[in-house]
Amino acid sequence: MTIKSITIKNIRGLGNQRIELNMIPNKPSLLVAPNGSGKSSFAVAFQSLKRDALGVPKEEIYNNVDTNVPELIVETDENEFRANPEINTISKQFGVFVINDLNKPKPSLRKIQKVPIPMVKMCVDPIVLINHIPQDVRLECTLLNDFSLLNLKKGTIPSISDLLNDVTFLSNFSDADLKNIKRQTSVVEAFLKKLKDYTGTKNQIWERIEREYVAELKSLPILNSRIDDIRRCCPNDTEIVLYLKLIQIIYTYKKNPALFNKKIDYCRSKKEQQGYKVLFDSLKDTWKGVHPQIQGDKLIVEIPDTTKLSNGERDIIVFLAMIQKAKQILTKDENILIIDEVFDYLDDANLIAAQYYITNFINELKKEGRFIYPIIMSHLNPDFFKSYAFSDLKVYYLKPISFPRSSEKMKRLLYKRTELEKQNDDSISKYLVHFYCDYDIDLIAKLGEDFCPWNKPRCFKAYCFKETHSYLYEPGKPFDALAVCVALRECIEKYIYDKLPTEVKNKLFDCSQNGTNNKIKFAQDNGVCCPETFYLLGLIYNNPLHMYPGQTKDLRQTLYSRLMNNTIRSMIEKIISPYMDEYFSEVI
């Protein structure tokens with residue numbers, strides 16, 4: 001099943017947002033959303049899923065207007081699942097779990113030379129791994145007494161006392177498996193009533209049961225569906241012994257379903273506790289003794305003093321505890337795991353560790369024939385995730401931008417640049433996407449009619465500065481992000497050219513100086529003091545202006561997100577504003 005889209009309506013900052021996707025199971029997806037664009041709204045939508053409805057808190061409803069009805073829709077290639085205050089078909093199909101960053105800043109005082117200094121340290125509230133640990137109960141099988149089988153040869157009906165306390169075996173049962181067994185157990189009870197009249201040795205009775213009843217017992221779904229589970233617990237038993245044990249298990253349930261379900265709940269909780277213990281024990285040397293503890297009827301992880309841990313250790317403890325919790329909750333065949341910004345704050349080593357645990361989780365589900373859709377939410381540039389171990393990480397955008405038509409033209413121009421450079425022709429690079437001292441040239445022979453009037457460099461540069469003017473001074477107006485890159489590079493290189501001594505100015509255009517960073521270095525070698533922002537902004541304009549055919553990622557999305565950062569916008573304005581009138585006048 002492929003998740004084709006997710007739609008969120010009237011939740012926090014999202015009035016009606018449809019996110020186009022193509023998420024295939026068991027492969028992580030990256031959902032990029034700059035700060036303030038709705039990541040928290042996305043997480044809240046999934047966290048608000050209740051059993052039969054979408055229970056969005058009143059304060060989280062869009063614009064705090066009661067008549068705005070929240071809704072979450074998950075569309076797949078097979079069906080559409082929806083949740084609102086009246087219904088929830090999503091949770092019937094998918095298991096859902098959200099992992100958030102649980103770090104919280106808390107004020108504190110620290111005395112330095114007896115003077116109290118206010119400080120802030122990162123703390124983590126206790127993480128409740130198990131909200132309620134059930135009490136153990138004692139199960140006892142009374143089948144021998146109830147069906148008067150005490151006269152059978154000892155051992156004919158094998159003991160199940162070990163199975164009634166086997167955590168792994170019982171935790172795999174569910175009330176749904178057992179409650180609809182009345183018709184099936186009537187067949188079993190008829191068999192047991194006849195069994196009391198059997199005589200002979202244990203083996204003779206078993207042979208008779210196998211000859212007369214095993215085929216009928218095998219036809220019962222309640223027995224057949226569990227025979228493999230009991231076989232794993234008792235690998236040395238014969239088939240007839242396995243069925244006799246399983247019959248007793250089913251009968252014990254029927255005799256007291258409520259008590260049996262309490263035992264199932266206890267075993268599941270015990271298995272869950274064992275899973276947490278194994279996880280934390282494997283890393284106890286690096287986690288400074290942090291481990292799950294029972295407090296009352298809860299199992300919690302508490303980090304009493306984060307100063308004894310590095311930030312990386314603290315963050316990975318929290319993350320892995322939540323991954324383990326997700327394993328206990330995501331029990332359906334189809335599951336959605338949302339990791340909200342956690343990856344944005346892990347250091348390199350713990351990023352590797354986090355990927356390792358997610359990959360293991362995916363593989364565990366795959367072995368069970370189940371599926372998971374891990375969604376990693378981030379405000380970071382997707383380039384940050386290039387080093388991730390996940391193979392072919394799919395990138396999506398919470399609010400993808402739509403580009404004006406001219407950006408497609410700009411993209412084609414950059415593709416044309418790549419094509420010409422393969423023929424050792426640097427005309428586009430030299431005259432259009434870099435600064436040059438003389439623009440009295442016509443490139444129509446190189447570009448053809450499709451790119452008119454950009455065949456004239458002055459017209460092209462004027463277009464780029466017009467788009468940059470929209471970016472800097474006309475909020476909300478669409479602009480060509482690639483054109484801003486050209487204008488920025490133009491101003492940086494023009495600044496360098498103007499500052500260089502006359503005798504070396506033209507050397508700036510030597511082939512050896514291709515690339516803005518090389519030109520900055522050349523300028524510095526010749527006594528020009530260049531602002532540090534020239535280097536820093538190379539991260540903005542360099543990659544997008546080297547787009548080439550066949551790229552799987554549209555770099556304009558990343559570029560747009562970066563340009564919308566207020567600090568970056570201010571840096572760019574300081575560089576471009578001295579030249580804006582000169583270039584912008586070509587438009588007027």
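**How do you know? Questions about a predicted model**

Biologist: Why is Glu493 called buried?

Modeller: Its relative accessible area is 1%. Buried means under 20%, so Glu493 counts as buried. Bear in mind that this is a predicted model.

Biologist: Where does Glu493 lie, and what is Glu493 in contact with?

Modeller: Glu493 lies in helix 19. Leaving aside neighbours within four places in sequence, Glu493 is in contact with His434, Phe435, Leu508, Thr516 and Lys519.

Biologist: Speaking of helix 19, which core residues come from which elements?

Modeller: The largest nonpolar core has 59 residues, and Met410, Leu413, Leu537, Leu563 and Ile576 touch the most other members. Among the elements that give two or more residues to this core are helix 15 (405-421), helix 18 (457-473) and helix 24 (566-584). Helix 19 provides the largest share, with 12 residues.

Biologist: What is Ile576 in contact with?

Modeller: Setting aside neighbours within four places in sequence, Ile576 is in contact with Phe465, Thr468, Leu472, Ala487, Leu488 and Cys491. There's also a second, separate core of 45 residues, including Val167, Ile240, Ile247 and Cys267.

Biologist: On to the cysteines. How many disulfides are there?

Modeller: The count is zero. Take Cys233: the nearest cysteine sulfur, that of Cys234, is 5.8 Å away. A disulfide needs the two sulfur atoms within 2.5 Å, so Cys233 is in no disulfide.

Biologist: Is Cys233 buried, partly exposed or exposed?

Modeller: Cys233 has 29% relative accessibility. Partly exposed covers what falls between the 20% and 50% limits, so Cys233 counts as partly exposed.

Biologist: How do you know that Cys529 is in no disulfide, and what makes Cys529 count as exposed?

Modeller: For Cys529 the nearest cysteine sulfur belongs to Cys530, 7.0 Å away, and a disulfide needs to be within 2.5 Å. As for exposure, Cys529 has 65% relative accessibility; exposed means over 50%, so the label fits.

Biologist: Now the sheet. What makes strand 2 and strand 5 the edge strands?

Modeller: Four strands form an open sheet in the order 2-1-4-5, with antiparallel pairing. Strand 2 (14-23) and strand 5 (80-83) each pair on one side only. On average, neighbouring strands here are turned by 10 degrees against each other, direction ignored.

Biologist: How do you know that strand 4 and strand 5 pair?

Modeller: They share four bridges in the antiparallel sense, and pairing takes at least two bridges, so strand 4 and strand 5 count as paired. Glu75 stands opposite Glu80 in strand 5. Helix 1 (residues 39-47) packs on the sheet, touching strand 1 (3-11), strand 2 and strand 4. The direction of helix 1 makes about 95 degrees with that of strand 1.

Biologist: What is unusual in the backbone?

Modeller: Most residues other than glycine have a negative phi, and most peptide bonds are trans. Asn424, though, has a positive phi near 60 degrees, and the bond joining Cys452 and Pro453 is cis, with omega about 5 degrees. Pro453 is found in the loop between helix 17 (444-447) and helix 18.

Biologist: Where does Asn424 lie, and why is Asn424 called exposed?

Modeller: Asn424 lies in the loop between helix 15 and helix 16. Relative accessibility there is 75%, and exposed means over 50%, so Asn424 counts as exposed.

Key
Residues numbered from 1 in each chain as written. Predicted model: local features only at pLDDT ≥ 70, side-chain atom pairs only at ≥ 80, totals over all residues. Heavy atoms only, no water. Core = buried A, V, L, I, M, F, W, Y, C linked by side-chain atoms within 4.5 Å. Buried < 20%, exposed > 50% of the residue type's maximum accessible area, 1.4 Å probe, protein only. Contact = heavy atoms within 4.5 Å. Axes fitted to C-alpha atoms, helices over the stretch in contact; angles between N-to-C directions.
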